[in-house]
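Got the structure open in your viewer? Let's take a short walk through it, one selection at a time.

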Amino acid sequence: MGQPLVGLRVVELGGTVAAAAATKRFSDFGGSVIAVEPPGGGEARRVPPFPGDRPHIDRGAFHLAFNTGKRSLVLDHRTPSGREVIARLAAWSELLILDLHPAEARRILDLVDADEGPCTVVITPHGMDGPYRERMENDLSLFAWSTRAHRHSIQGREPLRYAPFLGMAQVGSTAAAVGIAALWGRRQDGLRRDAEISAVEAITGNVDTSFFLWAVNNAVQPRAAGQSRAMYPAGAWPCRDGHVLFAAGREPFFSRVCEAIGRPEIARDPRFADLSRKPLHFDDFAPVLREWLATRTKYEVFEHMQRYQAMTVPLLDASEVTADPQMVARGSYVEVEQPGIGTVTIAGSPFHMDGVGGDAWRARPSPELGEHGPEILGELGYSADEQIALFRAGVTG
Amino acid sequence: MSGEALRGLRIIELAEVWAGPFGCSLLGDLGAEVIKLESYPRTSTTRPLTVPDARVADGPGPVYERANTHHHGNRNKRNIAVDIRRPEGAEVLRRLVRRADVLVESFSAGTIGRLGFGWEAVHALNPRLTMISLAGWGQEGPYQGYVMYGAGFEAMSGLASVRGYPGAPVEELIPTLHSDSTVPLALIFAVVTAAIRREESGEGSYVDLAQIEELATQIPGVLGEWTLNGRVPPRLGNADPHVVPHGCYRAGSGDGWVAIAAETDEQWAGLARAMGHAEWAADGHPWASLPGRLRDREAVDRAVGEWAQGGEPYEIADRVQAAGAIGAPANPPEGPLYSPQLHERGWFQSVDHPYLPNRLLGGFLWRLAPDGPSWDLRCGLLGEHNREVLLELGYADAEVDALAGSDVIGDRYPDPPPPGREG
């Protein structure tokens with residue numbers, strides 16, 4: 001059927017991981033996205049890893065994954081000349097996504113025509129107002145703020161972030177979601193909308209956090225002491241060639257695990273069936289399961305447990321994920337021919353609209369920094385001499 | 001003015017736990033009309049029937065209306081409880097499908113088809129309807145029908161392999177539910193993308209949103225270590241190979257922690273000043289440069305760690321931020337309540353519930369002007385809107401009574417309670 005977002009025009013400003021992750025959704029579904037990047041390239045191009053550990057502005061893994069299909073314009077938006085270009089881009093676009101310092105973002109928003117301009121989404125660490133509006137945060141500190149670092153760490157030890165830049169990617173997904181909703185609303189009722197995302201609020205208000213849960217039941221729960229010895233089997237357990245992960249502490253899954261290992265009577269044993277007694281008998285149960293696991297590979301355990309509808313999966317590392325049979329069958333990872341590098345493997349579509357293998361989603365190569373400057377400036381009506389003037393003064397690059 | 005961006009979109013939710021329900025709450029925040037059709041008399045997994053259960057708040061009323069996990073993901077929608085495995089219940093769902101724009105379902109792959117509401121069936125009932133399936137591994141492929149939730153997708157995506165304490169036994173890994181936080185956002189994108197397509201085609205789309213595939217899009221750094229360099233990325237904890245300091249440090253006397261990082265020389269100079277050692281950032285000092293701090297990682301970490309113990313987390317974070325570096329309290333569950341920023345911005349939401357009155361809950365993910373989100377509907381009670389919704393679907397009052405009398409719909413679980421929902 002073709003790509004659903006063809007004709008939709010999006011401008012991104014800031015060059016951050018969050019902004020890049022946000023607009024990638026639009027470009028991969030057919031939207032026309034212009035990434036306005038700071039001179040020298042921004043965060044999304046500078047974070048590792050790089051092929052061969054050689055830093056290169058066009059070769060970072062985040063850039064290769066999050067800038068697919070976009071056009072790149074290098075522009076210093078802090079100059080009057082830069083802002084004039086932004087004003088023309090804003091007029092061209094239907095959606096403008098900014099990840100900038102609040103004061104800089106405010107100056108850009110002032111360029112947007114209140115009626116005719118695009119919908120806007122502004123991303124900042126703490127929001128555009130309030131006592132913390134000037135604060136800088138990074139992925140680590142966002143996880144700290146949000147309660148998630150604390151929630152998924154061990155009592156008495158340091159709270160932990162997740163993977164590098166994962167929080168920023170989530171903020172980007174948040175911006176994409178509210179951005180496409182805003183422009184849909186505008187197409188329906190004609191009302192231009194401005195969204196504002198505080199990264200702290202976007203992550204703290206989402207799930208997989210503790211504040212909301214605490215606020216409902218006010219129960220102070222200690223952090224985990226390690227592997228769960230109360231609602232087991234849960235978490236990682238060793239098997240012959242690695243680990244599997246169980247989420248089978250509650251019924252009906254506990255019974256299914258017991259049946260799957262040929263010991264259905266364990267689930268009926270009051271030591272385990274009575275949830276008030278179960279935490280006292282972890283050491284009675286664990287050796288039985290460990291012995292069964294010890295002779296089986298993680299994929300053998302996975303396939304066997306799933307036949308019993310018991311929630312169990314293999315723990316995979318980066319070398320294994322692209323070979324997983326399900327991911328292979330669905331084309332969950334795709335190859336992009338990236339000029340200057342060759343074939344690059346990245347994650348594929350976040351969802352399939354026309355069945356697996358459909359053409360609603362397509363990743364095209366990521367642009368070189370500033371690759372489309374002359375093309376974009378020409379489309380915006382700048383003459384050759386005007387473009388030279390901007391370049392000579394360092395406004396474009 | 002409450003959310004209106006998605007005004008007019010009617011959503012039916014047949015989903016459990018977080019990814020689907022929270023996504024539908026966000027659609028409600030944006031103005032969509034969401035009806036949660038909850039399984040009945042089988043209970044949702046987020047509605048425990050007995051105490052003790054750590055998820056349940058003290059208070060009056062049924063246990064299953066007081067579980068915190070159920071409340072986090074069910075605002076701004078109406079609740080009907082229907083046994084769609086019975087013909088009369090299936091008819092309720094058919095009527096909903098005929099007037100809806102989107103059906104969101106999170107059953108294991110294949111289940112919705114066996115219930116008579118697979119894509120072809122609902123498409124025949126209402127060609128304009130978009131159906132979004134959230135099975136963890138998607139609808140097609142060898143794992144069809146397999147069961148798991150967020151913790152398992154994290155394990156199979158590679159994300160879990162880089163989390164946790166460096167060098168610690170894998171068994172100590174605490175599972176996360178990251179996909180539950182990002183799938184709802186992708187769900188919104190899918191709903192609107194399908195709506196845009198329908199403007200042209202006149203027909204709804206079928207969207208196969210595999211939670212593990214969505215999660216895979218979030219971690220290019222993990223995959224890139226392998227695909228670009230043939231390396232399995234290590235468990236780093238809070239460390240960053242290229243930024244020192246970058247960690248969580250004990251603050252104060254109790255189990256308090258503060259995250260501190262200095263990503264640039266400028267941030268380091270501010271942090272050094274805050275620590276009373278401006279000379280640590282002066283030319284010639286071994287810690288003044290980025291490479292110097294990487295070389296002396298342990299000593300820098302130790303110095304920051306010793307200093308951070310001199311105050312409580314918020315206090316230390318304030319000092320670090322005042323000096324221009326990155327600092328944040330590593331909040332325990334109640335921590336956000338102490339943020340002047342969140343109060344000043346009016347982020348917390350005061351919500352009244354019959355059994356959980358006067359709660360100050362976490363707020364919205366965004367502001368939107370002029371029609372920002374508002375908490376119009378608190379978490380619905382089981383079957384609270386049965387009559388209201390069924391009347392809208394054309395049922396007469398007497399018919400609603402009959403459905404309730406024969407337990408096709410309900411607003412309380414029978415006593416003794418039935419076993420939990422399966423699959």
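Start by selecting B:Q218 and B:E214: their side chains make a polar contact at 3.5 Å (a pair of N or O atoms within 3.5 Å; within protein, one must be able to donate a hydrogen and the other to accept it, and residues adjacent in sequence count only if both atoms are side-chain atoms). A quick note before moving on: this is a predicted model, where local features need pLDDT of at least 70, side-chain atom pairs count only at pLDDT 80 or more, and totals for chains, interfaces and linings use all residues. Residues are numbered from 1 along each chain as written, chains are lettered from A and ligands numbered from 1 in written order, and side-chain values use heavy atoms, leaving out hydrogens and water.

Now add A:S173, whose side chain makes a polar contact with that of B:Q218 at 3.1 Å. Zoom out a little: B:Q218 sits in the loop between α8 (211-216) and α9 (220-229) of chain B (helices are DSSP runs of H or I, at least four residues, numbered from the N terminus). Is B:Q218 buried or exposed? Buried, because its relative accessibility is 4% (buried means under 20% relative accessible area, with a 1.4 Å probe and protein chains only).

Next, select α1 (19-29) and α7 (178-201) of chain B: their axes come within 8 Å and cross at roughly 50° (axes are lines fitted to C-alpha atoms over the stretch in contact, and angles run from 0 to 180 degrees between N-to-C directions). The two helices are therefore oblique to each other (not under 35, over 145 or 65 to 115 degrees).

How values were computed:
Buried means under 20% relative accessible area, exposed over 50%, partly exposed in between (1.4 Å probe, protein chains only).
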